[in-house]
Amino acid sequence: MTSRSEIINLDQVDHGRCRSWPFFQDYCVTCALCAGSCPASGIDGFDPRMLVRMVSLGLVEELVEARWPWICTLCGKCENVCPMEIDIADLVRKIRSLRDREKVPGILYKGLAAALETGNNLRLPKEDFIFIIEDVAEEVAEEPGFEEFKAPVDKKGANLLTTIHNKLVNTHTEDLKHWWKIFHAAQEDWTVTSEHWEGTSWGYFTGDDAAMKVMAGRIVEQMEQLEIKNLLWPE
Amino acid sequence: MFDLLITYIKEGRIKLDRSKHTELAAYHDPCNYGRKAQKFFGHGFFEEPRWIMDQCMENWVDLYPNRMDQICCGGGGGALTTGYNEERVFYARKKIDQIKTTGAKMLVVPCHSCHGQFNNIKEEYGLGDLKIMYLWELVADCLIL
């Protein structure tokens, strides 16, 4: 997408096409406060005002194919300044959801597919996960003041269940230790689960609400099985 | 997450050393804990992390603008995983200006995406020495055992 004339195909204008979408896009007064506030404005010709107007005009295919919805970070700065309170970030996410799943950029779809199939984005087997947790827990226990430290896995009746961001059992295992040290100092009765520990939910990024529901549902299921009332889900 | 840390501190279950970090730090509001949480849940977590910052250290400042008017780091919404890396780095220029203006040596963030983004781009913007810390990492680091 390089120029406006390439973006807008006037033959396809259809004002009624997206009228049922619940984002108030037709209220746009074209003031461009969104465009002025957005750090991504201008990248690849991106302009949130133009995006909103294109939805109003029913020019959906162009937006679905564009990189725009993926360059936007869904940060919501645009809608925060929008005088008409248009839900621009949700609108962008809706456009993301219309992209063929195979054409979702980068590793987003692959990671999400892995999570849905195996429980985590890395396809990390249960045994390997437990090994990593135990290994890092031993490292913590070697530090002064944490001699008695243990990382309880699948502890029934614990007070608190915590999810884990997959990067913490991949390339950033050191960052597992911060919360663990706090739990130890606070004498928290906590646990992690050996399956479905994944804290990220990439359905949020790909516009896949059903996938988000599956990921959240698994966490709830684990809490019910282990009879745990409190959840720490910092991802 | 913030509420849990605040509970631990207020109930006296953890004690924190406020004198450990003396160099100037800055706090960054992640979109999802702040502006988006305000919109979706009617409560943005703005004051809670600042209260926790106060318990951990004295010498920290806010970026400007902040809270509802905060500027995104550029790593959110899956941007770290789309492969559009040049765009993602360029996106961060406004955020980096905010940080440079403060002169902070450390940036505290309570978000995995922000943490990943800042560590990924800081060299490119000449901030190689800027320490990026999770808020809970700061708390863990200030624990008095």
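**Notebook: cores, chain contact and sheet**

I looked up the largest nonpolar core in this structure and found 84 residues in it. The residues with the most contacts inside this core are A:Ile88, A:Ile182, B:Val108 and B:Val139. I note that the model is a predicted one.

I then asked which element gives the largest share of this core. Helix H10 of chain A, residues 177-186, does so with six residues. I also checked the domains of chain A: the core draws at least three residues from each of domain 1 (4-99) and domain 2 (108-232). Apart from this core I recorded another, of nine residues. Among them are A:Leu108, A:Tyr109, A:Ala115 and A:Tyr204.

**Domains of chain A**

I looked up the domain assignment, which gives domain 1 as 4-99 and domain 2 as 108-232. Taken over C-alpha atoms, the centres of domain 1 and domain 2 of chain A are separated by 36 Å.

**Surroundings of B:Val108**

I next listed what B:Val108 touches, leaving out residues up to four places away in sequence. The list holds B:Ala25, B:Tyr27, B:Met53, B:Met133, B:Leu135 and B:Leu138.

**Sheet in chain B**

I traced an open sheet of four strands in chain B, with parallel pairing and the order E3-E2-E4-E5. Which strands stand at the edges? They are E3 (60-62) and E5 (131-134) of chain B; each has a single partner strand, so one side of each is left without a neighbour in the sheet. I recorded an average turn of 30° between neighbouring strands of this sheet, direction ignored.

For one pair I went into detail. Strand E2 of chain B, residues 25-27, pairs with E3(B) in the parallel sense over three bridges. B:Ala25 stands opposite B:Trp60 in E3(B). B:Ala25 is also one of the residues that B:Val108 touches.

**Contact between the chains**

I looked up how many residues of each chain take part in the contact. The entry reads 33 residues of chain B in contact with 34 residues of chain A. On the side of chain B that touches chain A, the elements giving two or more residues are helix H1 (2-10), helix H2 (35-41), helix H4 (85-91) and helix H7 (135-141) of chain B. The largest share of that side, four residues, comes from H7(B).

Finally I sorted the residues on this side of chain B by character: 18 are nonpolar, eight polar and seven charged.

How values were computed:
Residues numbered from 1 in each chain as written. Chains lettered and ligands numbered in written order. Predicted model: local features only at pLDDT ≥ 70, side-chain atom pairs only at ≥ 80, totals over all residues. Core = buried A, V, L, I, M, F, W, Y, C linked by C-beta atoms within 7 Å. Buried ≥ 20, exposed ≤ 12 C-beta atoms within 10 Å, placed from the backbone. Domains from an automatic or database assignment. Contact = placed C-beta atoms within 7 Å. Nonpolar A, V, L, I, M, F, W, Y, C, P; charged D, E, K, R; others polar. Pairing = 2+ DSSP bridges. Axes fitted to C-alpha atoms, helices over the stretch in contact; angles between N-to-C directions.
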